[in-house]
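The following paragraphs go through one model, beginning with a small sheet and the helices packed on it, then turning to domains, cores and the chain contact. Please keep the coordinates open while reading.

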Amino acid sequence: MEDLTSIKNRITPNNYIYLDDFFEANKNVFIDSLAIEDGENEITYGALDKSANRLANYLIANGCKPNDRVGFISSKTITGYKSILAILKSGACFVPISGDYPDERILYLFQSIKPKVLIVEKLYINRVQKVCKENHLDILIIDADGPELNSFDGSQPIVSDRTPEDLAYIIFTSGSTGLPKGVVVYHRNIVHFLNNCFEFFNLSEQLRFAHCSEYSFDPSIFDIFFCWGTGGVIVPMNKRSYKINPFAFFESKAINVAFTVPSVITTLLRSHTLSHSSLASIQHLIYTGEALPADLTNEWRSRYPLCQQYNFYGTTETAIISHWYKVDSILDAGSIVPVGYTVPGVRVNLIDDNSFVMSGAIGESVVCGTQVSPGYWDNDLETNKAFKTISGNNSVEYKAYFTGDLLLKDKGGCYHYQGRKDRQVKVRGHRIELLEIEKVMLSLDEVEEAAVVVVKNEFHTDCIIGVFSTNSTTGIQELSLKIIAVLKCKLPAYMCPVNVIGKTTFLPRNKNGKIDLVKIHEIVNGDDNV
Amino acid sequence: MSNLENKVKELIVEVLNISADKVDDGLSSDTIPEWDSMGHMQIIIKLESFFSCDIPRNEMAMMTSEEAIVKVLSKIVSADFL
């Protein structure tokens, strides 16, 4: 094993400009080493390069150029990773679209991003063609493994006129207006974060990186490109059963680096598999996406003292991660691990009532710096709400992203997460605007009012529950089933309430006339079907 | 198929609301999109309530297919179901 310092000497990470540089700069160094290992299927850096070049040359031949959007729908297989790499090699911007989304959401994303091309895994081709045909969308659809690619050259495509302000990717997140928002990320934004990772991590090259997240959850970008940037192997966690039983994945894959939501590790703990010898291969365990209980990091540390644990926090709008924290000691039992210190180059101000707050007080986290996204795709209304210009102490104006997250900065400069300003929640790492779910419920004529809350079930797992009122003559039970069916048609599975509770009376209101969410929680907690 | 196997299949199909054309011999979380982590919890709750049993925590995560569920339940449910 070679220390990372030698890689840095060889490829000078700070010179990276484009996201694909993390692959391009290393592909010849590791030409015969594995870049992806997916069970029986594996591919070396050299073979992946040629295969992605063919697809990139095909895209270029079909007119793709910098800033064009190319959607891709694929499972976490070699085909999926090849597609991302090929899109970047062509200079275009990749937009991950989950094959698990309902047709209506897929159609909305197509209409929003207006892709030049769609790269689709064989499994989803018929469905995507049907959606496009029924809605008169004239988009070129490519089978990423189709025979037509063989006629294209496997040599490096030549793309001119690229700049660091070109679009690298667009990732859609839940939106409070009832429609998802596409976060635009420039190469400059994401490369700044990944270049910083070389300095922050002290890891060896050619490690085995678990790819736990879906493509549409941005920790994927770290898993893929920082892995390739260090000559590592991507090992996709790509069976649905792995989400229920993550041990089945970890026990056979000899993972060295895992970037995951804490609930995956909690599941290992609850299934009494935490002390299994196969987990000892994990050298770097990075948590993100949820509050991290110190009890969990303490438990892990007591079993694997040589494994370095980290808590990472950030938003898609700030290129994945704005704060990071190395868990170097046993922390107070029952406490929550801090989100840590800002990534170099990221500036955070805490603001309350239009004023900067001092250390020790809580304020909304407002982020400035190289990693801040330019805004939401084709959505000036939402962009102007969240991205504003602020004046710093020296009267210089900065473009800033208002995260909606409430943080507290302690005297040592370490940040602690304190909740949200609005009703955005995170459920198993997915960022969800409860308003988006309520708007879908309200789209049914029979629904007069709707409120959505998150409660814990008997397994201490977060569950989304909807409550509605109606004066319809349709039976409550029948209407509830109809609402659930509509929700499933419009929203991804992770956003669908596990139950909806109907009332024939108006929902309780507070003094301001708003739906009283405390009382809605009481209704939900009193329902036997939750 | 034993009584237990039949009942387990029936309960999974009911909880996940699986359409008839997707029901085959070996239901599994890898092949049924509705069987995600939340669907899994709903299946466990339904099984515990129907068979009046407590499924050990260390077994729950392993029960990701019809076959695996039957294997665990055959050790803990009343003989009437076997």
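In this predicted model, helix H16 (residues 517-525) of chain A lies across S25, S26 and S27 of chain A and runs at about 65 degrees to S25(A). Helices (H or I, at least four residues) and strands (E, at least two) are DSSP runs, numbered from the N terminus. Axes are lines fitted to C-alpha atoms, for helices over the stretch in contact, and angles run from 0 to 180 degrees between N-to-C directions. Contact between two residues requires C-beta atoms, placed from the backbone, within 7 Å. Helix H15 (residues 476-490) of chain A lies across S26 and S27 of chain A, at about 140 degrees to S27(A).

Residues are numbered from 1 along each chain as its sequence is written, while chains are lettered from A and ligands numbered from 1 in the order in which they are written. Local features need pLDDT of at least 70 and side-chain atom pairs count only at pLDDT 80 or more, whereas totals for chains, interfaces and linings use all residues.

The sheet beneath these helices is open, with three strands in the order S25-S26-S27 (chain A) and mixed pairing; two strands pair if DSSP finds at least two bridges between them. Strand S25 (449-456) and strand S27 (499-503) of chain A are at the edges with a single partner strand each, so one side of each has no neighbour in the sheet. From one strand to the next the twist averages 25 degrees. Strand S26 (residues 462-469) of chain A runs parallel to S27(A), joined by five bridges. A:Ile465 is opposite A:Asn499 in S27(A).

An automatic or database domain assignment divides chain A into domain 1 (35-162) and domain 2 (430-525). Their centres, taken over C-alpha atoms, are 37 Å apart. Six residues of domain 1 of chain A contact six residues of domain 2 of chain A.

A nonpolar core is a set of buried Ala, Val, Leu, Ile, Met, Phe, Trp, Tyr and Cys residues joined through C-beta atoms within 7 Å. Buried means that 20 or more other C-beta atoms lie within 10 Å of a residue's own, with C-beta atoms placed from the backbone. The largest nonpolar core has 140 residues, of which A:Leu59, A:Val70, A:Ile170 and A:Phe225 touch the most other members. A second, separate core of 24 residues includes A:Met441 and A:Val452.

Finally, the chain contact takes 17 residues from chain B and 18 residues from chain A. On the side of chain B that touches chain A, H2(B) gives the most, with five residues.

Terms used. Buried ≥ 20, exposed ≤ 12 C-beta atoms within 10 Å, placed from the backbone.
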